[in-house]
Amino acid sequence: MTSSTGSFSMSGLLGGTAGQIDVTSLISSLMQAAALPQTQLQDQLTAKTSQLTTYQTINTKLSALLTAGQKLTDATTWAATSATASNSSVVATSNAGAPLGTATFSVTSVAQAQVGIVTADASGNVVSDPTQGITINGKNIALTSGSAAAVAAAINQAGVGVTANVVNADGGQTILQLTSGKTGSAGAFTTGNGDGTGDFETSPNTIVTAQDATVQVGSSTNGYTVTSSTNSFSNVIPGVTFSVSAVASNVTITVGNNEQAVSDAVKSLVSAANAANTEINADTAQGAVFAANTSVSSITQSILRSVSSGTSTGGSLSTYGISIDNNG
């Protein structure tokens, strides 16, 4: 049988060999059609995730702006003070609200930790009869040997507030050096033999005397002194802490307004506002995640409106160096 001009091909309709259905293509098409809603949902999820991420980024910028604003309105920012000393051997800091003004004093001594040394004999011993042990600040310390190293180890293990080190000095001398763990007169220590004779061999030779730091206000006949076991003084001047490192005369500490703290707070606010505006403008631009989203874009206008409206009392923020230009 031959086909006429008006006939059609069954194989063209069914695909593949005449009389057979292309099952693979059919199933593939059906699966694509069935997966279409899932693909649409996946696209929606991707879009929502992108929006959520962007919202979080904007929120971070706005949180930083809030923190900067709170810092600028914090009373302690405006009450911040700065303390400076006329002598480099004195370093001063002040708390917020410290009274403004000056104070003059002399540093007559700095704090020192007591240091003593014992020179070992020719055999390297610093204790000739270790069975007696030694005492430091009245506490007995047992010894297994009189050598400098053994005595140093025993002292360090005893925890008496004194550190012992062995030093090999010039001329072949072995030195046992004892150093108080604290500066000031409160850190002074005494030594002796365990038998109570108090002659820890020849007794440590004190090469640095325990000493408090002292500042003199006024003269010795018409003034007063303040001491510290460390080189740090607190509230000699209200709200001020200062440390000393050398004897010095007529040191003046000046406490003034810390203008830098206010300036830094203003700069932080401006930077945070600009950062938030930049982020929002990028996120609402054409083709961006929130393009044409007036709720998001209005945030920028709110920030700029806050600047243009000035202070709560009607003052202009330009007084503090804040203004608006074409870029924000």
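What span should the 25 residues of α5 have at 1.5 Å a residue, and how far apart are its end C-alpha atoms? The expected span is 36 Å, and the end C-alpha atoms are 36 Å apart, so the two agree. Here the expected span is 1.5 Å times one less than the number of residues in the helix. Helices (H or I, at least four residues) and strands (E, at least two) are DSSP runs, numbered from the N terminus.

The model is predicted: local features need pLDDT of at least 70, side-chain atom pairs count only at pLDDT 80 or more, and totals for chains, interfaces and linings use all residues. Residues are numbered from 1 along each chain as its sequence is written, and side-chain values use heavy atoms, with hydrogens and water left out.

Stay with helix α5. Its buried residues include Val262, Ala265, Val266, Leu269, Ala272 and Ala273. Polar residues also belong to the buried set of α5, among them Asn277, Glu279 and Asp283. Buried means under 20% relative accessible area, exposed over 50%, and partly exposed in between (1.4 Å probe, protein chains only). Asn277 sits in α5, which covers residues 259-283. Asn277 counts as buried because its relative accessibility is 5%. Leaving aside residues up to four places away in sequence, Asn277 touches Thr300, Ile303 and Leu304. A contact here means heavy atoms within 4.5 Å.

Now the nonpolar cores. A nonpolar core is a set of buried Ala, Val, Leu, Ile, Met, Phe, Trp, Tyr and Cys residues joined through side-chain atoms within 4.5 Å. The largest has 20 residues. Those with the most contacts inside this core are Val90, Phe105, Val107, Phe242, Val244 and Ile253. Five strands each supply at least two of its residues: β2 (90-94), β3 (101-109), β11 (213-218), β14 (240-244) and β15 (248-257). β15 gives the most, with four residues. Val244 reaches Ser89, Val90, Val107, Val110, Ala213, Asn231 and Phe233, again not counting residues up to four places away in sequence. A second, separate core holds 19 residues, including Ala120, Val126, Ile155 and Val160.

Ile155 leads to helix α4, residues 148-158. The buried residues of α4 are Ala148, Val151, Ala152, Ala154 and Ile155. They cover an arc of only 165 degrees around the axis, so they lie on the same side of α4. The arc is taken over the directions from the helix axis to the C-beta atoms. An α-helix has 3.6 residues a turn, so residues three or four places apart point the same way. The buried residues of α4 pack against β5 (134-136), β6 (139-141), β7 (162-168) and β8 (174-180). Just after α4, Gly159 takes a positive phi of about 65 degrees.

Which aromatic rings pair? Rings of Phe, Tyr and Trp (its six-membered ring) pair if their centres lie within 6.5 Å; planes under 30 degrees apart count as stacked, over 60 as edge-to-face and the rest as tilted. The count comes to three aromatic pairs. Tyr55 and Phe290 have ring centres 4.5 Å apart and planes at 45 degrees, so this pair is tilted. The pair links distant parts of the chain, 235 residues apart: Tyr55 is in helix α2 (residues 23-73), and Phe290 is in the loop between α5 and α6 (294-309). Tyr55 is partly exposed at 43% relative accessible area, whereas Phe290 is buried at 2%. Phe233 and Phe242 have centres 5.2 Å apart and planes at 15 degrees, so they are stacked. Both Phe233 and Phe242 are buried. Ring pairs join Phe105, Phe233 and Phe242 into a cluster.

Turn to Ser109, in strand β3. Ser109 is buried, with a relative accessible area of 11%. Ser109 touches Gln211, Asp212, Ala213, Thr214 and Val247, not counting residues up to four places away in sequence. A polar atom of the Ser109 side chain lies 2.9 Å from the backbone oxygen of Asp212.

Two loop residues close the tour. Most residues other than glycine have a negative phi. Asn137, in the loop between β5 and β6, has a positive phi of about 55 degrees although it is not a glycine. Asn137 is partly exposed at 43% relative accessibility. Ala292, in the loop between α5 and α6, has a positive phi of about 65 degrees and is not a glycine either. Ala292 is exposed, with a relative accessible area of 74%.

Methods:
A polar contact is a pair of N or O atoms within 3.5 Å; within protein, one must be able to donate a hydrogen and the other to accept it, and residues adjacent in sequence count only if both atoms are side-chain atoms.
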